[in-house]
Amino acid sequence: MGVIPLIGGSLGALVGGIVSDKLVTRKGSGGEPLGPIARVFVIIASCTLAAPFAAGALALSVPTTGDPTAAPWGFLALIPSNVIGEMWIGVCMTLVIESVPSHLKAVSVAIYLFIISNIGGNMPLLVPVLENMGLNKKEALLILFPGLYALAALCFLVVAVFIRRDISRARALERERLLSGRSSRAARSAAARQLSVNE
């Protein structure tokens, strides 16, 4: 069972990157490339399509010590859940990088990785909390596995509304910073020329 997330997740991350790169350059109805909005829709589709398979992985039968002959449908549902569900990994990182000015890219990636690792990575700790609230383990896992896929799809619908504006702002800030850097260099060189004339 440990091989499924390893191979499926790796394959999903690779496929997600390839699909989003192809869609970004595809022409829309107006004849312009779809751009970063296509990446957001890859993430929305990934999360939406993965949620039912994740629910199936929890709800369908799996071989157990009590019934070793049961069909492994739950394990098989994990394959598309991991392949489709992990497509967001590279795509989301690309969106983070594209949506900030170049001088903030490293900080943005660091914040993104911190959130993914330390907040997202600790979500399994909520299973006992939900159990203490009266849910059984399967119900808690349904909320935290397919439920969070569905919530992520809704959150990225909100991102889809604002992503073009945010990327335009980032590019404008980058141009402004570049121009101010050039003008300050020009001002410094003019001041140096003035000083040499005065001497």
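Is Asp166 buried, partly exposed or exposed in this structure? In the predicted model described here, Asp166 has a relative accessible area of 27%. Buried would mean under 20% and exposed over 50%, so Asp166 counts as partly exposed. The partner of Asp166 is Arg165, and the two side chains meet in a salt bridge with an N to O distance of 2.9 Å. Arg165 is also partly exposed, at 37% relative accessibility.

This pair belongs to a small set, for a search of the whole structure finds four salt bridges. Another one joins Lys137 to Glu131, where the closest N and O atoms are 3.5 Å apart. Lys137 is partly exposed, with a relative accessible area of 47%, and Glu131 is partly exposed as well, at 28%.

A further salt bridge brings together the side chains of Glu98 and Arg39, at 3.3 Å from N to O. Glu98 sits in helix H4 while Arg39 sits in helix H2, which spans residues 36-59, so this pair ties together parts of the chain that are 59 residues apart in sequence. The two ends of the bridge can be told apart by their surroundings: Arg39 is buried, with a relative accessible area of 6%, whereas Glu98 is partly exposed, at 23%. The pair does not stand alone, since Asp21, Arg39 and Glu98 are linked in a network of salt bridges.

Attention now turns to the interior. Ile163 lies in helix H8, which runs over residues 146-198. With a relative accessible area of 6%, Ile163 is buried. What surrounds this side chain? Leaving aside residues up to four places away in sequence, Ile163 touches Pro36, Ile37, Val40, Leu95 and Ser99. Ser99 is a helpful example of how the fold brings distant stretches together: Ile163 and Ser99 are 64 residues apart along the chain, yet their C-alpha atoms are separated by 7.4 Å.

Ser81 offers a second view of the interior. This serine is found in helix H3, made of residues 73-85, and it is buried, with a relative accessible area of 1%. With residues up to four places away in sequence again left out, the contacts of Ser81 are Ala50, Phe53, Ala54, Glu86, Phe145 and Tyr149.

Helix H5 shows both a covered and an open side of the story. The helix has 15 residues and reaches 20 Å from its first C-alpha to its last, close to the 21 Å expected at 1.5 Å a residue. Which residues of H5 are buried? They are Ser108, Val109 and Tyr112. Seen down the axis of H5, these buried residues fall within an arc of 100 degrees, so they line one face of the helix. Helix H4, residues 88-98, is included in what covers them.

Val107 also belongs to H5, which covers residues 105-119, but this valine is partly exposed, with a relative accessible area of 47%. Together with Ile111, Phe114, Ile115 and Ile119, Val107 makes a nonpolar surface patch of about 460 Å².

How values were computed: Residues are numbered from 1 along each chain as its sequence is written. This is a predicted model: local features need pLDDT of at least 70, side-chain atom pairs count only at pLDDT 80 or more; totals for chains, interfaces and linings use all residues. Side-chain values use heavy atoms; hydrogens and water are left out. Patches are made of residues with over 30% relative accessible area and no salt bridge: like charges are joined within 9 Å, nonpolar side chains (Val, Leu, Ile, Met, Phe, Trp, Tyr) within 5 Å. Accessible areas come from the Shrake-Rupley method with a 1.4 Å probe; for residues, only the protein chains shown count as cover. Helices (H or I, at least four residues) and strands (E, at least two) are DSSP runs, numbered from the N terminus. Buried means under 20% relative accessible area, exposed over 50%, partly exposed in between (1.4 Å probe, protein chains only). The expected span of a helix is 1.5 Å times one less than its number of residues. The arc is that of the directions from the helix axis to the C-beta atoms. Contact means heavy atoms within 4.5 Å.
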